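Biologist: I am new to this structure and would like a close look at a single part of it. Please take one helix and describe what lies around it.

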Amino acid sequence: MYVDTPSDSPTHQLTDAKTHITKVGKFIRKASIDELPQLLNIFSGKMSFVGPRPALWNQEDLILERDKYFANDVKPGLTGLAQISGRDELEIPVKAKIDGDYVSKRSFFYDIYIIILTIFKTLKHDGVVDGNSDKIVSKNKKE
């Protein structure tokens, strides 16, 4: 992103995110290469491969909503059920509910399922919204 980009907002909340993202940055985000440093957090035990994505410091609404579903009681993950169910396209209450659904169903084989779907969704660039908050949906997608 360019230096003058607001640092206190997620990209999908910027009015015109395309003007803030460089060509290299666009590729990095679409390919999810920017997530590779999270592997250090996984190996150090601070994160897991699958779980609710960590909330940003200013996403108090997401944190409070996740509390209703016990989604803050598990380690955050590199990928999660919300990421394969819509990612940035989901409204906060829907995303928190899906994160809670993961917590109630989690198992080794469910994690493998989510990892496999993540690979396919990443290759297709599904659910990535950069500055197009009008694409955010309110309905709960069933898995």
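Modeller: A residue is called exposed when its relative accessible area is over 50%, buried when that area is under 20%, and partly exposed in between. The model is a predicted one, and the part chosen here is helix α6, residues 108-124.

Length comes first. Helix α6 has 17 residues, which at 1.5 Å a residue should span 24 Å. Its end C-alpha atoms are 25 Å apart, in agreement with that value.

Next come the two sides of the helix. Tyr110, Asp111, Ile114 and Thr118 of α6 are buried. Viewed down the helix axis, the buried residues of α6 fall within an arc of 95°, so they line one face of the helix. On the other side of α6, the exposed residues are Phe108, Phe109, Phe120, Leu123 and Lys124. Ile115, also in α6, is partly exposed because its relative accessible area of 30% lies between the two cut-offs.

The outward residues also bring in a surface feature. A nonpolar patch on the surface is formed by ten residues' worth of names that include Phe43, Phe49, Phe108, Phe109, Ile115, Phe120 and Leu123. Together the members of this patch have about 1100 Å² of accessible area. Helix α6 gives the largest share of the patch, eight residues.

The buried face has its own cover. Among the elements that cover the buried residues of α6 are strands β1 (48-50) and β2 (77-79), together with helices α4 (81-85) and α5 (92-105).

Helix α5 can be followed a little further. Lys95 is found in α5 and is buried, because its relative accessible area of 11% is under 20%. Apart from neighbours within four places in sequence, Lys95 is in contact with Leu62, Ala82, Arg87 and Leu90. Glu65, in helix α3 (residues 60-67), is likewise buried, with a relative accessible area of 15%. With neighbours within four places in sequence left aside, the contacts of Glu65 are Ile92, Pro93 and Ala96.

Last is the link that leads into α6. Arg106 lies in the loop between α5 and α6 and is partly exposed, with a relative accessible area of 48%. Arg106 and Val50 are 56 residues apart in sequence, while their C-alpha atoms are 9.2 Å apart in space.

Conventions. Residues are numbered from 1 along each chain as its sequence is written. This is a predicted model: local features need pLDDT of at least 70, side-chain atom pairs count only at pLDDT 80 or more; totals for chains, interfaces and linings use all residues. Side-chain values use heavy atoms; hydrogens and water are left out. Helices (H or I, at least four residues) and strands (E, at least two) are DSSP runs, numbered from the N terminus. Buried means under 20% relative accessible area, exposed over 50%, partly exposed in between (1.4 Å probe, protein chains only). Contact means heavy atoms within 4.5 Å. The expected span of a helix is 1.5 Å times one less than its number of residues. The arc is that of the directions from the helix axis to the C-beta atoms. Patches are made of residues with over 30% relative accessible area and no salt bridge: like charges are joined within 9 Å, nonpolar side chains (Val, Leu, Ile, Met, Phe, Trp, Tyr) within 5 Å. Accessible areas come from the Shrake-Rupley method with a 1.4 Å probe; for residues, only the protein chains shown count as cover. A salt bridge is a side-chain nitrogen of Lys or Arg within 4 Å of a carboxyl oxygen of Asp or Glu.
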